[in-house]
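Welcome to a short guided tour. Open the model in your viewer, keep the selection tool ready, and follow the stops in order.

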Amino acid sequence: MSIKKFAVAVYDDEAVLFPAVKKVRSAGYKIHDVYTPFAVHGLDVALGQKESDLHIAGFIYGITGTCTALGFMGWIFTTDWPQNFGGKPHFPLPAFIPITFELTVLFAAVGMVLTFCYLNQIMPGVKKHIFHPRQTDDKFVMVIEVNDTNEAETLAILQSTGAELTETQVAESDWWYGRFDIKEDYEIQQQLA
Amino acid sequence: MLKQEFKVPKSLKTTSIVLMMIGLLGLIIGAVVLLPGDALAQTQFWASLMHNAIFFLLISVGSLFILSATSLAQGAWIVSFRRIPESIGSMIYVFAAIAGVLLLSFVWTNNTNIYAWLQDGFNPHNSLNALKNIFLSKGFFTFWTILVLVLWSWLGVKLREISIKQDTDTKNSTKLYWRNFNFSAGFLFVFALSLASTIPWLWIMSIDSHWFSTMFSWYTFGSSFVSGMSMIMLWVLYLKRKGYLDVVSEEHVHDLGKFMFAFSIFWTYLWFSQFMLIWYANIPEETVYFQIRMHGPYRFFYWLNLILNFVCPILILMPRPNKRNYFVVSLVAVIIIFGHWIDFFQMIMPGTTVKENWDKPFILSLFIACGFVGLIIYLVANKLTKAPLIPQNNPLFKETIIHIS
């Protein structure tokens, strides 16, 4: 957990947000994050984010599912409790394929959902600071980490990009376990301000 | 300025003519060697010709299906290169004529070496009802084949005609766009009743007259879809390499690659569904189809089929960078087309009189396939020169340029 200071800019439209992101990045600032009410196509490219490794994790989960299904069924039907089903071999691969497929999908899906939640720091019962209450509604919020020396100039450049609101917030940058309580979060800010 | 007018490069023209010559040479040699022989030799010749005629017709129809389906879904991504499936589609009548003449000549000359059901008094004794006798009759075969081929050819030409007319239409007019939309819907209706259901039963599955599988048409459809997609991919990459199609970016190629990947798995799913039910039920009159293919002389093709059409695409195309790499996707496209060609080979050959003697038909088929590839390149390249490569008046034109996969 670390409390940091952030410069926050709120935009009304994605058409304003894109040039703003480009301008801020070319001025050399490192953007902490951008919050949008919907998935904005091309924003990841504009932010210069590298490709997520989530799909590699998905492949590993899937292979784990395949191995689990084949290994477990193979062990049961050849070693633990061999039975004769309609004269089929003890390791009937075609009959195992549907179950193997289902387990592959199940492992990949559940594993990727949990990994996605971990990477994005969302989970039931977990709390995260919200920079602007309308960032999931109709506003686009850009957040840049600042310190006392560059605070003023960062706010100035954000102001010049057409933001309808710019402000400084002191907030917890990571997630933490607790109730989703805005008041508590507000009190932390008041103490540190 | 966009390069709009496609001119057939000399190298492409030479390649296509050389390929056609090879095909013609193979055909002539095959005819001279095999046709004077016995029933087996004759069937070897006709079956390899039939294999190629059907395969190249069905993948052309598969390309037209892709065009219609995306037009109906108002998919913008295909607009940037829709002249390619359009050109392939408008050439269907050539392949339809070849396949139609061939198949109808088999039926009307009573070629029982290929279609065993043409024998007098043939009784599909395992059929569940008398409708199969009507379905496998000369009259119905002729009627349905001609009707379907004419509809495919006409709709292929029509879809391209409307799209080209739109280029010179008044700006921002959507009348022709919706006309195209309606014709696409019409084609999909025809397609559902032909390639996706009855035609593979009638043309290919009826070779093994007693055997039947309701999955068969979908499985054939999967083949033709994914090969058609690969053929479009090869054309797109070729034109891009020659400096045309500037509006087609990595994103469009990525989407084509995704379709190749996904529909290879779709094909495998259908293939496996058909196989597993028969394998599990283990009824002799059904397993006889797989006996000759899996354990008999065709086991090499049988496993090669799975490796080329499932293992290669799934492993090579799975990583994202590979779907955006022009060399890798074109390699996989060639593998897929060849793999499904092998698939059709092992569908058609074992049921005819050819049975285990696949060596001569395989070599002959390779030669004839060269001829068909040359023909397809020649015709489609010529067709592409006839109209601007980029349909600029299409309402989805802007959307296709900014497309992100």
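One term comes up throughout, so here it is: a residue is buried if 20 or more other C-beta atoms lie within 10 Å of its own, exposed if 12 or fewer, and partly exposed in between, with C-beta atoms placed from the backbone. This is a predicted model, in which local features need pLDDT of at least 70, side-chain atom pairs count only at pLDDT 80 or more, and totals for chains, interfaces and linings use all residues. Residues are numbered from 1 along each chain as its sequence is written, while chains are lettered from A and ligands numbered from 1 in the order in which they are written.

**Stop 1: A:Lys128**

Select A:Lys128. Is A:Lys128 buried, exposed or partly exposed? A:Lys128 has 17 other C-beta atoms within 10 Å, so it counts as partly exposed. You will find A:Lys128 in the loop between β3 (126-127) and β4 (140-146) of chain A. Helices (H or I, at least four residues) and strands (E, at least two) are DSSP runs, numbered from the N terminus. Now show what A:Lys128 touches: leaving out residues up to four places away in sequence, these are A:Gln121 and A:Trp175. Two residues are in contact if their C-beta atoms, placed from the backbone, lie within 7 Å. Next, add A:Glu145: it is 17 residues from A:Lys128 in sequence, and the two C-alpha atoms are 16 Å apart.

**Stop 2: the whole of chain A**

Zoom out and select chain A. Chain A has 6 helices and 6 strands, and from the N terminus on its elements run β-α-β-α-α-α-β-β-α-β-β-α. Its C-alpha atoms fill a box of roughly 80 × 35 × 30 Å along the principal axes. The radius of gyration of chain A is 25 Å, where a compact globule of 193 residues would have one near 16 Å. This radius is taken over C-alpha atoms, and the globule rule is 2.2 Å times the number of residues to the power 0.38. Of the 193 residues, 16% count as buried.

Try colouring chain A by domain. Its domain assignment gives domain 1 (3-48 + 127-192) and domain 2 (54-119); such bounds come from an automatic or database domain assignment. How far apart do the C-alpha centres of the two domains lie? They lie 43 Å apart.

**Stop 3: the whole of chain B**

Now select chain B, with its 15 helices and 0 strands. The radius of gyration of chain B is 21 Å, close to the 22 Å that the globule rule gives for 405 residues, so chain B is as compact as a globular protein of that length. Buried residues make up 44% of its 405 residues.

**Stop 4: helix α8 and the core**

Select residues 216-241 of chain B, which form helix α8. This helix has 26 residues and reaches 38 Å from its first C-alpha to its last, close to the 38 Å expected; the expected span is 1.5 Å times one less than the number of residues. Of the 26 residues in α8(B), 21 are buried, so by the 20-neighbour cut-off the helix is mostly covered.

Among the residues with the most contacts inside the largest nonpolar core is B:Met229, and this core has 109 residues. A nonpolar core is a set of buried Ala, Val, Leu, Ile, Met, Phe, Trp, Tyr and Cys residues joined through C-beta atoms within 7 Å. The largest share of the core, 17 residues, comes from helix α2 (residues 39-72) of chain B. Leaving aside neighbours within four places in sequence, B:Met229 is in contact with B:Ile66, B:Leu256, B:Phe259, B:Met260 and B:Phe263.

**Stop 5: two loops**

Select B:Leu245, found in the loop between α8 and α9 of chain B. Its phi is near 55°, a positive value in a residue other than glycine. B:Leu245 has 24 C-beta neighbours inside 10 Å, so it counts as buried.

Then go to B:Asn282, in the loop between α9 and α10 (284-295) of chain B. B:Asn282 also has a positive phi, of about 60°, although it is not a glycine. With 11 C-beta neighbours inside 10 Å, B:Asn282 counts as exposed.

**Stop 6: where the chains meet**

Finally, show both chains. Here 8 residues of chain B are in contact with 7 residues of chain A. Which helix of chain B gives the most to this side? Helix α9 (residues 250-281) does, with 5 residues.
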